[in-house]
Structures are given as C-alpha cells and as structure tokens.
Amino acid sequence: MRLNKFISETGMSSRREADGWIESGRVSVNGQVATLGTKVEEGDVVCVDGRRIGAAKHHVYIALNKPVGVTSTTERDVPGNIVDFVGHRERIFPIGRLDKDSEGLILLTNHGDIVNGILRSENDHEKEYIVTVDRPVTPIFLNGMASGVRILGTVTKPCRIRRTGPATFHIILTQGLNRQIRRMCSFFGYKVVRLQRVRIMNIELGGLRTGQWRELTAAEVKGLIKEVDSG
C-alpha cells in the first residue's frame with residue numbers, strides 16, 4: 001500500500017495532506033525518512049513527527065433495506081437520519097442517496113475512496129428499481145422513459161425499462177439525478193406510488209427485510225471495488 005493511502009486510511013488526513021507531510025520530511029517508515037511513493041507493508045512502523053500512527057482503518061461495507069421515512073443524511077439533528085437508524089459502532093456514511101419517500105437498497109461505508117468512485121456519474125454504474133405508478137403502464141410511456149426525458153434542465157441518459165405488471169415496471173439507471181424516476185414519471189403524467197431500489201452495481205437487495213442491514217460479503221466487496229476501478 002502506498003504510504004499516503006495508509007496515512008489517509010488511519011483517519012489522520014487526506015492523501016493530499018499526507019503527501020505534504022511526506023515532502024516536508026515529517027513521516028518515517030521503520031525509522032527512515034519516507035519519500036513520495038514509499039510503500040508500506042504489514043508490520044511496518046509508520047511515524048508522523050516521531051509518533052507512531054495506528055494501522056489502517058478496517059473498512060466497513062453495509063447493505064441496508066431502507067424503509068420509507070428514513071433520510072439518507074449523516075446530520076444527526078435530522079429526525080430519522082440513516083446513521084442513527086443503523087446505529088453502527090463505526091462512523092459510516094451513505095453512498096449516494098435514496099429519497100425519504102423511497103425504500104430499498106442503500107450502501108453505507110467508512111471507506112471514502114470507494115464513495116467517490118461510485119458517485120462519479122461518468123462511471124455509468126447501474127442502479128435497478130421496481131416502480132409502481134398510479135395508472136396503467138403503456139408502450140408510449142415505456143419508450144419515452146427509455147429514450148431520455150427532459151428534467152432539471154437536461155435530458156436523462158437512455159435507460160433500460162420493462163413492464164412487470166399493469167402499473168409496475170423495472171428500470172435500470174446509470175444516473176443519480178435528484179428524484180430522477182419521480183420526475184421522469186411526472187413528465188408523462190404519472191405519479192409514483194411505490195419506489196424500491198433492488199440493486200446497486202453487483203449488490204442485490206435479495207431477501208433482506210425492510211429495516212434490516214447486513215455486512216457485504218468478501219465477494220461482494222471485491223466485485224464492488226472491481227467495478228469502481230474499471231469505471
């Protein structure tokens with residue numbers, strides 16, 4: 001692991017700040033003054049200003065089936081905030097948002113680098129939803145949604161959509177505009193009755209019950225990181 005990454009993952013600083021410390025000679029590895037690009041192995045002694053710093057933080061990755069009414073914010077003074085709802089011992093934060101009126105899969109972590117990678121819209125990471133609307137789904141509606149809809153001063157990216165019932169459909173987006181699906185439906189005169197996210201990239205909601213959360217498996221984390229790195 002690169003030294004600046006090691007330092008940032010202890011929570012002491014960002015990578016950029018760590019680079020500044022290294023350049024100014026404040027960091028040593030096994031008693032030797034470090035340089036930019038120095039690699040750190042397990043068991044190495046890393047010191048900043050002569051004081052040893054701890055091991056890299058253990059990364060936590062959580063999948064939550066968020067209920068309606070829980071707000072995707074880390075602001076603890078907001079009633080129903082997601083951090084208090086989960087109540088994890090680590091300081092975690094949501095990856096992206098799922099609006100208060102929606103339910104389903106949302107990921108939380110303490111790993112800042114992966115959050116940045118997932119949130120970069122140009123990476124085209126897939127998110128899948130099941131949506132129920134207030135009237136029958138028509139071919140014209142499906143085609144219009146799939147082709148792109150003008151909302152928020154832009155046109156949404158083409159998406160994959162299929163009807164699954166008289167008033168329900170599955171939709172796969174590669175964007176995360178504010179209340180995107182609700183705004184897209186509204187453009188065609190539809191009102192969303194229920195919106196549930198069931199997949200984010202390689203992570204599926206599966207049988208996780210409403211309000212429950214679980215740690216991601218090692219395979220899921222590996223696949224998540226691979227998708228982010230390839231984006």
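# Pockets, cores and strand β7 in a predicted model

In the second largest pocket, helix α4 supplies the largest share of the lining, namely three residues. The model described here is predicted. The elements that each give two or more residues to the lining of this second largest pocket are α1 (3-9) and α4. Of its 14 lining residues, S8, E9, N110, H111 and G112 lie nearest the centre.

## The two pockets

The largest pocket has a lining of 31 residues, and R97, K127, Y129, G176 and R197 are those that lie nearest its centre. Two or more residues of that lining come from each of α4 (112-119), β8, α6 and β13. The table sets out the volume and lining of each pocket.

| Pocket | Volume | Lining residues | Lining by class |
|---|---|---|---|
| Largest | About 610 Å³ | 31 residues | eleven nonpolar, eleven polar, nine charged |
| Second largest | About 280 Å³ | 14 residues | one nonpolar, eight polar, five charged |

## Nonpolar cores

In soluble globular proteins, nonpolar side chains tend to be buried together. In this model the largest nonpolar core has 32 residues. Within that core, the residues with the most contacts are V131, V133, M145, F169, I171 and C185. The elements contributing two or more residues to the core are β5 (61-66), α3 (82-86), β7, β8, α5, β12, α6 and β13. Another core, of 18 residues, lies apart from it and includes I114, L216, V221 and V228.

## Helix α6

Helix α6 spans residues 180-187, and its buried residues are Q180, I181, R182, M184 and C185. An α-helix has 3.6 residues a turn, so residues three or four places apart point the same way. The buried residues of α6 pack against one helix, α5 (139-147), and against the strands β8 (127-133), β9 (150-151), β12 (168-173) and β13 (192-200). One of these buried residues, C185, is also among the residues with the most contacts inside the largest nonpolar core. Just after α6, the residue G189 takes a positive phi of about 85 degrees.

## Strand β7 and its partners

How many of the residues of β7 are buried? Seven of the seven are buried, so β7 is largely enclosed by the rest of the structure.

Strand β7 pairs with β5 in the antiparallel sense over six bridges, and L108 in β7 is the bridge partner of I62. The pairing of β6 with β7 is likewise antiparallel, over two bridges; here F93 stands opposite T109 in β7. With β13, by contrast, β7 pairs in the parallel sense over two bridges, and E103 has Q196 in β13 as its bridge partner.

## The loop residue G96

Between β6 (93-94) and β7 (103-109) runs a loop that contains G96. Is G96 buried or partly exposed? The relative accessible area of G96 is 22%, so this residue counts as partly exposed, the cut-off for buried being under 20%. Apart from neighbours within four places in sequence, G96 is in contact with S72, I106 and L119. G96 and T73 are 23 residues apart in sequence, with a C-alpha to C-alpha separation of 9.4 Å in space.

Note on methods
Residues numbered from 1 in each chain as written. Predicted model: local features only at pLDDT ≥ 70, side-chain atom pairs only at ≥ 80, totals over all residues. Heavy atoms only, no water. Buried < 20%, exposed > 50% of the residue type's maximum accessible area, 1.4 Å probe, protein only. Helix = DSSP H or I, 4+ residues; strand = E, 2+ residues; numbered from the N terminus. Contact = heavy atoms within 4.5 Å. 1 Å grid on protein atoms, 1.4 Å probe; cavity = no way out; pocket = protein on both sides within 12 Å on 5 of 7 lines; lining within 4 Å. Points joined across faces, edges and corners; volume = space filled by probe spheres on them. Nonpolar A, V, L, I, M, F, W, Y, C, P; charged D, E, K, R; others polar. Core = buried A, V, L, I, M, F, W, Y, C linked by side-chain atoms within 4.5 Å. Pairing = 2+ DSSP bridges.
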